[in-house]
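The report below concerns strand pairing, salt bridges and surface patches in a single protein chain. Please keep the sequence and the coordinates at hand while reading.

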Amino acid sequence: FNELIAGVRSDMAGKLFGPELETLHQKGSEIASVLSAIKGAKDVKAEQVEGLPTLRVIPDRRALARYGVNMSDVLSTVEAIQAGHPVGVVFEGVKRFPIVTTLDLSGQTEGTIKNIPIFSEKGIPIPLGQLAEVKIEMGPAQISREFGQRRLVIECNVRGRDIEGFVKDAKKAIDAKVKLPSGYFIEWGGTFQQLRSARARLAIVVPAALFIIFVLLYSA
């Protein structure tokens, strides 16, 4: 129900906005550590934005010239490794289905990828590792955006105290212990956001209801 109402699964959520993903991850971890030390904080967690293995292949132009291999041959091979390389089309009536060849990377290592042969203009097979730098790096697992800006969510549940008082203590602790660079800011959401919305609504509804009751009693 928290997710249906406020968009997050926890009682309180701090939305950290900023341009750089690495800085968001670093500051998000610092904020989560500060929240964990506040009385009443339970299940504190920062959104996981890193940890996805990414294959990078950087062609070596000097090696390509030395072995007589075209850049397009290396790029088409790299395309086949991940995205697949179209080799034909199958027709079923008016429908068209592309035939795509891909490399099965399940269980493959970085060394296996380096040994993929690339054929030169003379038909000589040359390992990909001699023509390009092949490495597997840890890249972003997801990039979330809101209002056109990158966003990282730090969530936690509140137990044994009121949410508003917890958020006040959280703001003071974060302002004192976490220094945000220029262009980075936090917005508080979750159940706390609904609390503020309900309070603003009741500030109008309750006086209006009392006024109507007074008018009805006076007219009676």
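What follows is an account of a predicted model, beginning with strand S10 and moving on to charged pairs and the surface.

**Strand S10 and its partners**

Strand S10, which spans residues 149–158, is mostly covered, with 8 of its 10 residues buried. Strand S1 (residues 12–17) runs antiparallel to S10 and is joined to it by 6 bridges, and within this pairing Ala-13 has Glu-155 of S10 as its bridge partner. Strand S2 (residues 41–46) also pairs with S10 in the antiparallel sense, here over 4 bridges, and the partner of Lys-42 in S10 is Asn-157. A further antiparallel partner is strand S9 (residues 144–146), joined to S10 by 3 bridges, where Glu-146 is matched with Gln-149 of S10.

S9 and S10 form a hairpin with 2 residues between the strands, and in this hairpin Phe-147 takes a positive phi near 55°. Phe-147 is placed in the loop between S9 and S10, and it counts as exposed because its relative accessibility is 67%, where the cut-off for that class is over 50%. Asp-43 likewise is a residue other than glycine with a positive phi, near 55°, but the place of Asp-43 is in strand S2. With a relative accessible area of 53%, Asp-43 is exposed.

**Salt bridges**

How many salt bridges does a search of the whole structure find? The search gives 8, and three of them are set out here with the distance between nitrogen and oxygen.

| Pair | N to O distance |
|---|---|
| Lys-135 and Glu-137 | 3.3 Å |
| Arg-161 and Asp-169 | 2.6 Å |
| Arg-199 and Glu-164 | 2.5 Å |

In the salt bridge between Lys-135 and Glu-137, Lys-135 is partly exposed, with a relative accessible area of 24%, and Glu-137 is also classed as partly exposed, at 29% relative accessibility. These residues belong to a network of salt bridges that links Arg-56, Glu-133, Lys-135 and Glu-137.

For the pair formed by Asp-169 and Arg-161, the relative accessible area is 33% for Asp-169, which is therefore partly exposed, and 26% for Arg-161, which falls in the partly exposed class as well.

Which parts of the chain does the salt bridge of Arg-199 and Glu-164 tie together? The side chains of Arg-199 and Glu-164 meet in a salt bridge, and because Arg-199 lies in helix H8 (residues 191–219) and Glu-164 in helix H7, the pair ties together parts that are 35 residues apart in sequence. Arg-199 is partly exposed at a relative accessible area of 43%, and Glu-164 is partly exposed at 22% relative accessibility.

**Patches on the surface**

Helices H7 and H8 come up again when the surface is considered. A patch of positive charge is gathered there from Lys-168, Lys-171, Lys-172 and Arg-196, and helix H7 (residues 163–177) supplies its largest share, namely 3 residues. Among the members of the patch, Lys-172 lies in helix H7, and its relative accessible area of 60% makes Lys-172 exposed.

A nonpolar surface patch of about 700 Å² is made by Leu-202, Ile-204, Val-205, Val-206, Leu-210, Ile-213 and Leu-217. Of these residues, Leu-217 is found in helix H8, and Leu-217 counts as exposed, since its relative accessible area is 64%.

**Helix H3**

One further residue deserves mention. Arg-66 has its place in helix H3 (residues 61–67) and counts as exposed at 61% relative accessibility. Between Arg-66 and Ile-81, which are 15 residues apart along the chain, the separation of the C-alpha atoms is 24 Å.

Methods: Residues are numbered from 1 along each chain as its sequence is written. This is a predicted model: local features need pLDDT of at least 70, side-chain atom pairs count only at pLDDT 80 or more; totals for chains, interfaces and linings use all residues. Side-chain values use heavy atoms; hydrogens and water are left out. Patches are made of residues with over 30% relative accessible area and no salt bridge: like charges are joined within 9 Å, nonpolar side chains (Val, Leu, Ile, Met, Phe, Trp, Tyr) within 5 Å. Accessible areas come from the Shrake-Rupley method with a 1.4 Å probe; for residues, only the protein chains shown count as cover. A salt bridge is a side-chain nitrogen of Lys or Arg within 4 Å of a carboxyl oxygen of Asp or Glu. Lys and Arg count as positive and Asp and Glu as negative; His and the chain ends are not counted. The place of a charge is taken as NZ of Lys, CZ of Arg, CG of Asp or CD of Glu. Buried means under 20% relative accessible area, exposed over 50%, partly exposed in between (1.4 Å probe, protein chains only). Two strands pair if DSSP finds at least two bridges between them.
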